[in-house]
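Here is a set of short exercises to work through with the structure open beside you. Try each task before reading its solution.

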Amino acid sequence: CASFVKTTGGKGLHVVVPLFPRAGWDDCRMFSQIISESVVAQHPTRFTTAMRKAGREDKVLIDYFRNNRGATSVAAFSTRARPGLPVSLPIAWDELETFTPERPYDMAATLRLVRAAGYANPWRDYEASRVDLRSVVLRDQAGPPSSRRTRNPTPPRRG
């Protein structure tokens with residue numbers, strides 16, 4: 001799946017996977033939880049899913065709880081109701097090297113960036129990248145073609 005990143009207009013970043021609106025809220029949250037926990041398992045000293053601030057001072061919080069019905073997220077190119085009007089701005093993955101949450105993009109900086117000659121929207125392929133979550137999950141559960149097993153038409157004996 002393709003993924004995109006944007007600033008939150010605060011200290012964080014949001015990773016977005018464009019989906020067709022077919023999967024339910026529970027499926028989306030479960031998918032994001034599985035991905036989040038997989039990242040934590042691979043890099044436990046750098047990432048966490050623990051919401052409590054105690055013990056995660058030097059770790060990046062992966063907040064998959066944002067994928068619940070009723071949870072909010074500021075839309076891309078929207079301002080936050082905070083001093084300086086910081087903007088939730090789509091950025092390219094390679095811009096993370098220079099991103100500093102202490103200096104979020106404000107409205108003036110965002111307008112300068114978007115109006116600049118040669119500005120390339122890092123989310124230009126967003127719509128074309130949409131996937132059906134159900135097909136992704138089913139494909140990943142099946143594994144590579146060489147590892148897929150055919151179903152045994154005979155039910156197992158009980159005994």
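**Exercise 1. Find which residues touch Ile91, leaving aside its neighbours within four places in sequence, and say whether Ile91 is buried or exposed.**

*Solution.* Keep in mind that this is a predicted model.

Step 1: Locate the residue. Ile91 sits in strand E7, which covers residues 90–91.

Step 2: List its contacts. With neighbours up to four places away set aside, Ile91 is in contact with Val5, Lys6, Thr7, Leu13, Leu96, Tyr105, Pro122 and Trp123.

Step 3: Check the accessibility. The relative accessible area of Ile91 is 3%. The cut-off for buried is under 20%, so Ile91 is buried.

Step 4: Add a distance as a check on your viewer. From C-alpha to C-alpha, Ile91 and Ala76 are 9.9 Å apart, with their positions 15 residues apart in sequence.

**Exercise 2. Work out the order of the strands in the open sheet that has E7 in it, and say which strands stand at the edges.**

*Solution.* Take the pairings one by one.

Step 1: Pair E1 with E2. Strand E1 (residues 4–7) and E2 are antiparallel and share four bridges. One bridge to look for joins Val5 to Val15 in E2.

Step 2: Pair E1 with E7. These two are also antiparallel, over two bridges. Here Lys6 has Pro90 of E7 as its bridge partner.

Step 3: Put the strands in order. The three strands form an open sheet, E2-E1-E7, with antiparallel pairing. E2 and E7 have a single partner strand each and stand at the edges, so one side of each has no neighbour in the sheet.

Step 4: Look at the turn. The hairpin of E1 and E2 has five residues between its strands, and Gly9 in this hairpin takes a positive phi near 85 degrees.

**Exercise 3. In strand E2 (residues 13–16), sort the side chains by the face they point to.**

*Solution.* Start from the general pattern, then apply it.

Step 1: In a regular strand, side chains alternate between the two faces of the sheet.

Step 2: In E2, His14 and Val16 point to one face and are buried. Leu13 and Val15 point to the other face and are not buried.

**Exercise 4. Describe the aromatic pair of Phe4 and Tyr126, and say which parts of the chain the pair ties together.**

*Solution.* Go from the whole structure to the single pair.

Step 1: Searching the whole structure gives four aromatic pairs.

Step 2: In the pair of Phe4 and Tyr126, the ring centres are 5.5 Å apart and the planes are at 55 degrees, so the pair is tilted.

Step 3: Phe4 belongs to strand E1 and Tyr126 to the loop between H2 and H3, so the pair ties together parts 122 residues apart in sequence.

Step 4: Check both residues for burial. Phe4 counts as buried at 7% relative accessibility, and Tyr126 counts as buried at 18%.

Step 5: Widen the view. Phe4, Trp123 and Tyr126 are linked into a cluster by ring pairs.

**Exercise 5. Place Ser129 in the structure and find what its side chain reaches.**

*Solution.* Step 1: Ser129 lies in the loop between helix H2 (107–115) and helix H3 (133–142).

Step 2: At 16% relative accessibility, Ser129 counts as buried.

Step 3: Its side chain reaches the backbone oxygen of Asp125 at 2.6 Å.

Step 4: Not counting residues up to four places away in sequence, Ser129 touches Ala2, Phe4 and Pro18.

**Exercise 6. Where do Phe77 and Leu85 lie, and what are their phi values?**

*Solution.* Step 1: Phe77 is in the loop between strand E4 (60–61) and strand E5 (78–79). Its phi is near 70 degrees, a positive value in a residue other than glycine. Phe77 is partly exposed, at 37% relative accessibility.

Step 2: Leu85 is in the loop between E5 and strand E6 (87–88). Its phi is also positive, near 45 degrees. Leu85 is partly exposed, at 43%.

**Exercise 7. Decide which residues have pLDDT under 50.**

*Solution.* Step 1: Begin with the overall values. The mean pLDDT is 81, and 86% of the residues reach 70 or more.

Step 2: Over residues 145–159, pLDDT stays under 50, and the model has four contacts beyond four places in sequence for them.

Step 3: Where pLDDT is low, the predicted coordinates should not be read in detail.

Definitions and conventions:
Residues are numbered from 1 along each chain as its sequence is written. This is a predicted model: local features need pLDDT of at least 70, side-chain atom pairs count only at pLDDT 80 or more; totals for chains, interfaces and linings use all residues. Side-chain values use heavy atoms; hydrogens and water are left out. Buried means under 20% relative accessible area, exposed over 50%, partly exposed in between (1.4 Å probe, protein chains only). A polar contact is a pair of N or O atoms within 3.5 Å; within protein, one must be able to donate a hydrogen and the other to accept it, and residues adjacent in sequence count only if both atoms are side-chain atoms. Contact means heavy atoms within 4.5 Å. Two strands pair if DSSP finds at least two bridges between them. pLDDT is the predictor's confidence in each residue, from 0 to 100. Rings of Phe, Tyr and Trp (its six-membered ring) pair if their centres lie within 6.5 Å; planes under 30 degrees apart count as stacked, over 60 as edge-to-face and the rest as tilted.
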